[in-house]
Amino acid sequence: QVQLVESGGGLVQSGGSLRLSCAASVSIFSFNSMAWYRQAPGKERELVAALTRGDMTTYPDSMKGRFTISRNSAKNTMYLQMNTLKAEDTAVYYCSALANGRFWGQGTQVTVSS
């Protein structure tokens, strides 16, 4: 059973930084790709960043330059470094992994105060 556990969310002022972590219960190389999504109140879940097994990264234009996805295979953990945070980045952030099906974490709240 694959489990993904996010951590690192919290309250931060506009312009600040946070680093989210996603710890997997299995080797992250068992996944074809991993990604971060977010969902703000009243909005649809959206992709924040994705990372393939082959180290290719994908960012929506609105995230480029501010967010960085990475992983530590020895710790079976994926990260999301978020810089220059804005109030509109406030959302629940979810870790996701794609293998034989898509797996999701429980989410971690990020609140950016203006």
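1. Let's start with A87, which sits in the loop between β8 (77-82) and β9. Please keep in mind that this is a predicted model. With a relative accessibility of 34%, A87 counts as partly exposed, because that class covers the range between the 20% limit for buried and the 50% limit for exposed.

2. What does A87 touch, once its neighbours within four places in sequence are left aside? The contacts are with V112 and S114. Another residue to look at here is S113: A87 and S113 are 26 residues apart in sequence, yet their C-alpha atoms are 5.8 Å apart in space. If you have the viewer open, A87 with V112 and S114 makes a handy first selection.

3. Next, the cysteines. The count comes to one disulfide, and it joins C22 to C95, with an S to S distance of 1.9 Å. That distance can be set against the cut-off for the pair, which asks for sulfur atoms within 2.5 Å. The partners come from distant parts of the chain: C22 belongs to strand β3 (residues 18-24) and C95 to strand β9 (residues 91-99), 73 residues apart.

4. Is the disulfide left-handed or right-handed? The torsion about the S-S bond of C22 and C95 is about -65°, so the disulfide is left-handed. As for their surroundings, C22 and C95 are both buried.

5. On the fold as a whole, the protein chain has zero helices and eleven strands. Reading along the sequence therefore gives β-β-β-β-β-β-β-β-β-β-β, with strands taken as DSSP runs. The radius of gyration is 13 Å, close to the 13 Å that the globule rule gives for 114 residues, so the protein chain is as compact as a globular protein of that length. Along the principal axes, the C-alpha atoms fill a box of roughly 40 × 25 × 25 Å.

6. How much of the protein chain is buried? Of its 114 residues, 39% count as buried. Among contacts between residues at least 6 apart in sequence, 52% join residues at least 24 apart. The C22 to C95 disulfide, with its partners 73 residues apart, also links distant parts of the chain.

7. Finally, the surface and the charges. The protein chain exposes about 6000 Å², and carbon and sulfur atoms supply 48% of that area. There are 11 positive and 7 negative side chains, and the centres of the two sets lie 6 Å apart.

Technical notes
Residues numbered from 1 in each chain as written. Predicted model: local features only at pLDDT ≥ 70, side-chain atom pairs only at ≥ 80, totals over all residues. Heavy atoms only, no water. Helix = DSSP H or I, 4+ residues; strand = E, 2+ residues; numbered from the N terminus. Buried < 20%, exposed > 50% of the residue type's maximum accessible area, 1.4 Å probe, protein only. Rg over C-alpha atoms; globule rule 2.2 N^0.38 Å. Contact = heavy atoms within 4.5 Å. Areas by Shrake-Rupley, 256 points an atom, 1.4 Å probe, with all protein chains shown as cover. Lys, Arg positive; Asp, Glu negative; His and termini not counted. Charge placed at Lys NZ, Arg CZ, Asp CG, Glu CD.
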